[in-house]
Amino acid sequence: MREFQGIGASEGVVFGPARVWHKQNLVVTRRQCAPEEVAGELQRLDAALAMTRAELLDVRGQLASRLGEDHAAILDAQLLILEDETVLSATRESIRHERCSAEAAFARSMAHALMPLDLQGDTVFRERLIDFRDLEQRVLRALQGGADSALELSEPCVLVAPVLTPSETAALDRHRVLGFCVDEGGPTSHTAILARSLGVPAVVGLRELSNAIQDGCELVVDGTTGLVIADPTAAVIKRSQARSERWRRMGERLQEMRDQPAITPDGHVVELAANAEVPFEIELAMETGAQGIGLLRTEYFYFKQGRIPSEEEQFAAYRDVLSRARGETVIFRVLDVGGDKFITGKGGLREANPQLGMRGIRFLLSNAEVLYTQLRSLYRASAFGPVRIMFPMITGLEELRAANDLTRRCRDDLQREGKRFEPDLDVGIMVETPSAVAMARELAAECAFFSIGTNDLTQYILAVDRTNWRVAHLHRPHHPAVLRAIAETISAGHSRGIPVRLCGEMGANPANAILLMGLGIDGISTHAAAIPALKKVIRTITYAQAKAWAQEALSLSTADDVREFLRSKTQQSLRGVLDRRA
Ligand code: PEP
Ligand code: MG
């Protein structure tokens with residue numbers, strides 16, 4: 001029996017034989033052609049581009065009919081690259097002037113175009129790189145006359161691969177895939193997103209699994225804990241089958257929570273909302289009983305296009321988000337990217353420490369027209385549903401004031417132009433940097449709400465890069481330093497009369513949620529699938545108990561002590577409530 005620890009990306013437990021899929025990547029060697037071959041190479045390139053386009057449109061059609069238009073839209077970024085003038089004209093130039101073969105010229109232009117993404121530490125953007133590499137391979141295969149080798153599955157299995165692209169994931173027969181295990185990727189990779197929508201357990205970030213096991217090897221996959229067990233003993237198999245069955249039954253029971261309010265037995269209410277990035281997650285959130293979207297990451301709308309979308313495009317996209325949210329409030333976080341993650345023309349920086357670089361509000365204030373356009377679209381969308389706006393990565397008052405000034409200007413302009421919009425939107429900030437915590441009282445006086453981003457706050461307080469798996473075990477939001485920062489932020493916000501919510505992944509854990517409730521948090525926003533379980537625990541533990549938990553946790557001095565404390569509290573008070581995780 002061997003164990004592999006990855007990152008749980010789609011919850012659930014399955015047991016089955018592995019099907020290991022190593023797709024051969026085409027490697028291009030540089031070949032110079034004779035002058036008389038140049039015209040032929042240009043024609044080959046055009047034919048391969050047309051063939052790839054047809055192939056992608058076909059996969060897109062399959063995706064749209066099986067999973068809906070939102071999933072299909074994942075392929076739009078790939079289709080756009082196929083028409084990208086920078087890539088195509090660079091390729092043609094290399095063929096004409098350097099007499100490169102079509103393969104070598106295309107591979108080189110793609111390498112140039114993708115370099116800025118490759119250099120970024122941010123997982124979201126690195127994961128999109130996988131999609132673009134997929135496109136590159138498709139074009140190269142088309143140039144070499146080969147068809148895409150779709151994976152045929154003859155029996156139900158756990159699919160194991162170094163990497164899976166959205167088109168590969170989508171082409172799979174859902175009824176034959178029991179689970180996914182992927183070496184690369186993080187919880188925001190498209191494999192993870194698709195696996196969650198397909199309801200298939202998945203573990204990503206397994207690093208070497210696909211090389212370490214053979215086809216047919218029996219696997220237990222736990223998409224909740226991220227643990228994969230190869231060649232399990234009979235006892236482990238039996239336990240995992242029982243867990244899988246419990247998981248299914250508990251899922252049915254938790255669904256019954258959907259229409260129940262998140263209120264403690266002694267009458268304390270906590271707002272439970274969902275985080276979303278891709279539009280289809282909004283419907284999922286509504287189905288699990290979320291009270292609106294507490295964090296709408298708008299990066300997707302920019303990345304999907306591969307360029308800055310126009311005001312009209314954003315306006316249409318945000319209206320669509322609001323209609324999916326069915327009248328519930330959506331907190332739109334303005335663009336949170338850095339440097340040249342998506343716009344090579346805007347600064348084009350290579351940053352040694354992207355997490356400490358031109359991120360979030362810094363990027364937006366130094367590219368004020370980008371923020372201004374987004375604010376205009378959001379205000380205009382506010383005529384169609386309840387909107388709140390949130391600024392990411394605020395470190396102090398200068399930034400907040402500059403962003404507020406631009407917001408005022410945007411409102412004045414829209415008013416002058418006679419546009420329909422809601423002028424009194426709540427505009428708040430993410431508290432996700434240590435300096436925002438230290439300045440929380442002053443910041444609270446100049447914004448309408450706080451949302452604590454524990455993913456980043458933990459990274460910055462503990463100096464642990466959230467994208468680096470080598471230090472992932474040190475990214476501990478229950479560390480006393482982080483808990484104290486959370487408590488301080490809540491008290492600063494409340495002293496100024498503004499609500500303080502939390503939208504980091506920390507809130508998805510039921511024991512953490514009780515702790516946060518005890519610290520006085522007004523709302524938690526997390527991924528939709530976690531909401532029924534959170535409701536259940538909030539409806540079980542009294543506010544008085546939660547406050548006692550919080551007091552005790554705050555008195556502890558190490559992360560291990562807090563973890564142990566939460567574990568024992570879970571055993572004592574939450575056992576049986578959530579036996580699905582047992
Ligand atoms: C956070 O930092 O906790 C957060 C919710 O934002 P993101 O994960 O998008 O940085
Ligand atoms: Mg953040």
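How much area does the protein expose, and what percentage of it do carbon and sulfur atoms supply? The exposed area is about 23,700 Å², and carbon and sulfur atoms supply 50% of it. Keep in mind throughout that this is a predicted model.

**Whole chain.** Start with the full protein in cartoon view. The protein has 24 helices and 16 strands. Of its 582 residues, 56% count as buried. Taking the contacts with a separation of 6 or more, 69% are between residues 24 or more positions apart.

**Magnesium ion.** Next, select ligand 2, the magnesium ion, and show the side chains of E432 and D456. These two residues are the protein donors of the ion, E432 through OE and D456 through OD, at 2.0 to 2.1 Å. The two donors are 24 residues apart and link distant parts of the chain. E432 sits in the loop between β13 (426-431) and α17 (434-438), whereas D456 belongs to helix α19 (residues 454-462). Now colour both donors by accessibility. E432 has a relative accessible area of 2%, so it counts as buried. D456 is buried as well, at 2% relative accessibility.

**Helix α20.** Move on to residues 480-495, which form helix α20. This helix has 16 residues and reaches 22 Å from its first C-alpha to its last, close to the 22 Å expected at 1.5 Å a residue. Show its side chains and look for the buried positions: P480, V482, L483, A485, I486, A487, T489, I490, A492 and G493.

**After the helix.** Finish by selecting G497, just after α20, where phi is positive at about 75 degrees.

How values were computed:
Residues are numbered from 1 along each chain as its sequence is written. Chains are lettered from A and ligands numbered from 1 in the order in which they are written. This is a predicted model: local features need pLDDT of at least 70, side-chain atom pairs count only at pLDDT 80 or more; totals for chains, interfaces and linings use all residues. Side-chain values use heavy atoms; hydrogens and water are left out. Donors are N, O and S atoms within 2.8 Å of the metal (3.2 Å for Na, K and Ca); water is not among the atoms, so sites may look incomplete. Helices (H or I, at least four residues) and strands (E, at least two) are DSSP runs, numbered from the N terminus. Buried means under 20% relative accessible area, exposed over 50%, partly exposed in between (1.4 Å probe, protein chains only). The expected span of a helix is 1.5 Å times one less than its number of residues. Contact means heavy atoms within 4.5 Å. Accessible areas come from the Shrake-Rupley method with a 1.4 Å probe; for residues, only the protein chains shown count as cover.
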